[in-house]
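Here is a set of exercises to work through with the model open beside you. Try each task before reading its solution.

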Amino acid sequence: MQSLSRWLPFLRWPRPDAALLRGELAAALTVAVVMVPQSVAYAGLAGMPLVTGLYATFLPALAAVLFSASTRLSVGPSALSAVLVGASLTGLAQPATPEWVALAVWLALLSGAIQIGLGATGAAWVLNLVSSPVLAGFAQGAALLIIASQIPALLGLQGPLASLRQSPQFDFTALAYGVGSVLLFVAGKRFVPRLPTVLLVLAGAAALSWWSGYSSHGAVIGELPVGLPAPYWPPLPSGATLAALLVPALVITLVSSLEMAASAKIESQRDGRRWDAGQDLIGQGVGKLASAFSGAFPTSTSFSRSAITLYAGARTGWATVFATGVVLVVLLFLTPALQHVPRAVLAAVVVTAVGGLVRPGIIARLWRIDRFEAVTALVTFAVTVASAPRIYWGVLAGVLMALAHFLYLRLHPRIIEVGLHPDGSLRDRHLWNLTRLGPQVFALRMDAELDFASASAFERTLVDYLAGHPAVAHVCLFALPINRVDATGVEVFGQVSTMLAARGIHLHVSGLKLPVERVLEKAGVLAPGPLLSVYRTDAELLAALERIAPRPGG
């Protein structure tokens with residue numbers, strides 16, 4: 001049973017009682033009133049038929065929660081994943097056509113399969129390829145593009161956004177619906193956050209649109225199919241088309257996985273347990289496959305809806321089960337009520353939801369932390385905006401830039417000459433203006449692994465110093481920060497030892513970690529001798545050095 005529950009986490013759910021079910025039902029209703037309108041709006045953002053937003057919320061959410069370790073993630077359409085779908089398929093088909101739907105389903109299949117593969121093979125570390133600055137820069141750029149794409153519908157603009165510069169024409173009724181909805185959403189969130197403002201505004205707008213006759217001639221959602229999604233399998237695309245979907249599918253996988261991680265970590269921290277990233281990746285992948293087989297598009301985890309689920313008091317996956325029940329009722333009975341909702345109101349839903357992603361101060365905060373990471377976020381943002389509609393290039397540019405910086409740091413490790421600080425610690429001699437440990441002593445510390453990437457820098461630092469200081473008689477290597485050594489590191493360490501011995505220089509090594517020490521011993525380069533001494537601690541080395549080469553005034 002234990003091994004079975006490892007792959008089927010829902011078997012570990014607590015047996016429900018009346019009190020638990022009441023709390024879970026209340027949380028489900030709270031999140032469902034936000035989930036339903038957002039799902040329909042995000043389907044339009046993805047270029048899909050609007051009803052597929054509900055399809056992507058029904059079975060995918062149920063399948064994901066059954067196979068996820070984190071049970072309070074709100075799986076379904078999200079703004080970033082939806083805009084990535086729309087951007088990825090632009091030029092390959094016309095939005096909302098059967099060809100577009102088929103390609104979106106292939107994106108769901110590919111990204112879902114990748115996530116399941118990553119989770120099942122324990123490769124969740126791949127998520128670390130996308131750093132926080134990269135995701136922040138992409139989110140800012142994507143949010144601005146999403147808002148810009150919704151402005152025509154929000155303002156009732158007749159034509160694209162560019163028509164604002166040359167005699168624009170407006171549908172002033174749509175303008176009133178859009179701007180009024182935004183104002184009501186903002187006011188509701190600020191003054192009555194517990195009220196289901198989004199649902200009430202949609203219901204009121206639909207009723208007003210029907211009563212005034214606007215739905216008979218204005219831009220509204222229109223008739224939506226009633227009933228459950230039929231099983232769907234897309235036709236096989238050409239090899240060239242499938243190849244064109246691979247990079248977008250990979251980016252969707254990374255972005256949706258990071259959206260999931262942001263919510264799952266909060267849940268696990270609140271519960272005081274370890275986050276099972278692999279199982280949650282499997283759950284997300286299964287959700288995407290369920291969305292594909294429903295004829296919908298790739299799903300993700302909505303951070304805002306997951307937060308609502310968590311803070312509404314949900315304790316288990318039963319809340320998600322009940323929320324999908326609400327979606328089921330909407331699909332079976334309530335889709336006709338949505339047909340009168342003006343598209344300007346849907347645009348308002350998207351704009352207010354995505355507005356939370358816009359954080360102008362994030363670059364300044366990153367600049368205070370690390371200027372290169374701030375530049376990485378800026379480059380990601382710029383490439384995301386400049387490459388529209390192929391905005392996934394922004395993520396790839398940021399990832400490549402971050403990896404290049406990582407490699408640079410690995411190839412240029414921090415190697416410092418240390419001195420004894422008045423508090424008794426060993427610190428950077430030049431930074432703290434400390435004296436040398438001895439008149440003929442070169443004491444260094446390398447804050448990195450001794451491997452193929454850093455070994456040459458270690459050797460070069462030592463050789464360059466000795467060339468400028470021929471009187472050195474003792475070299476002290478404080479090796480505690482070195483936690484790994486590879487074949488290249490062993491070879492360089494041996495070469496350095498031999499070079500120092502040939503010059504009559506005594507090498508002192510302290511603080512070697514046991515795994516590193518064993519590797520060096522097996523290689524035969526750590527055998528103590530007249531010119532090689534190994535110490536267990538830095539204090540032992542300093543004491544020995546004081547006897548051999550006392551500091552002036554020491």
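The exercises below go from the whole chain to helix pairs and then to single residues.

This is a predicted model, in which local features need pLDDT of at least 70 and side-chain atom pairs count only at pLDDT 80 or more, while totals for chains, interfaces and linings use all residues. Residues are numbered from 1 along each chain as its sequence is written, and side-chain values use heavy atoms, leaving out hydrogens and water.

**Exercise 1. The whole protein**

Task: describe the secondary structure, the extent and the burial of the protein.

Solution.
- Start with the secondary structure, which comes to 20 helices and 8 strands. Helices (H or I, at least four residues) and strands (E, at least two) are DSSP runs, numbered from the N terminus.
- Next, take the extent: the C-alpha trace spans about 95 × 65 × 55 Å along its principal axes.
- Then turn to burial, where 49% of the 554 residues count as buried. Buried means under 20% relative accessible area, exposed over 50%, and partly exposed in between (1.4 Å probe, protein chains only).
- Finally, look at contacts, meaning heavy atoms within 4.5 Å. Of the contacts with a separation of 6 or more, 80% come from residues 24 or more positions apart.

**Exercise 2. Helices α6 and α13**

Task: work out how α6 and α13 pack, and which residues meet.

Solution.
- Two packed helices are described by the angle between their axes and the distance between the axes. Axes are lines fitted to C-alpha atoms, for helices over the stretch in contact, and angles run from 0 to 180 degrees between N-to-C directions.
- For α6 (residues 132-155) and α13 (residues 343-355), the angle is about 160° and the axes are 9 Å apart. Therefore α6 is roughly antiparallel to α13. Angles under 35 degrees count as roughly parallel, over 145 as roughly antiparallel, 65 to 115 as roughly perpendicular and the rest as oblique.
- The α6 and α13 crossing is left-handed, that is, the near helix is turned anticlockwise from the far one by less than a right angle.
- On the α6 side you will find Ala143, Ile146, Ile147, Gln150, Ala153 and Leu154, and they meet Arg343, Ala344, Ala347, Ala348, Val350, Val351 and Val354 of α13.
- Sorted by type, the residues of this α6 and α13 contact are 11 nonpolar, 1 polar and 1 charged. Ala, Val, Leu, Ile, Met, Phe, Trp, Tyr, Cys and Pro count as nonpolar, Asp, Glu, Lys and Arg as charged, and the others, Gly among them, as polar.

**Exercise 3. Helices α2 and α11**

Task: repeat the analysis for α2 and α11.

Solution.
- Helix α2 (residues 18-45) packs on helix α11 (residues 303-311) at an angle of about 170°, and their axes are 9 Å apart. So α2 is roughly antiparallel to α11.
- Helix α2 brings Ala27, Thr30, Val31, Val34, Met35, Gln38 and Tyr42 to the contact, and α11 brings Ser304, Arg305, Ile308 and Thr309.
- The residues of the α2 and α11 contact divide into 6 nonpolar, 4 polar and 1 charged.

**Exercise 4. Two threonines**

Task: is threonine 253 buried or exposed, and what does threonine 320 touch?

Solution.
- Threonine 253 sits in helix α9 (residues 239-271). Its relative accessibility is 1%, so threonine 253 counts as buried.
- A polar atom of the threonine 253 side chain lies 2.8 Å from the backbone oxygen of alanine 249.
- Leaving aside residues up to four places away in sequence, threonine 253 touches Ser111, Ile114, Gln115 and Leu118.
- Threonine 320 is in helix α12 (residues 318-338) and is buried, with a relative accessible area of 9%. With the sequence neighbours up to four places away not counted, threonine 320 touches Ala61, Val65, Thr71 and Leu73.

**Exercise 5. Backbone geometry in loops**

Task: where does each of these loop residues lie, and what is its backbone geometry?

Solution.
- Proline 389 is in the loop between α15 (371-386) and α16 (392-411). The peptide bond leading to proline 389 from alanine 388 is cis, with omega near 10°.
- Alanine 96 belongs to the loop between α4 (79-89) and α5 (98-120). Though not a glycine, alanine 96 has a positive phi of about 70°, and it is partly exposed at 46% relative accessible area.
- Asparagine 433 lies between β4 (426-428) and β5 (441-446), in a loop. Its phi is positive, near 55°, and asparagine 433 is exposed, with a relative accessible area of 71%.

Definitions and conventions:
A polar contact is a pair of N or O atoms within 3.5 Å; within protein, one must be able to donate a hydrogen and the other to accept it, and residues adjacent in sequence count only if both atoms are side-chain atoms.
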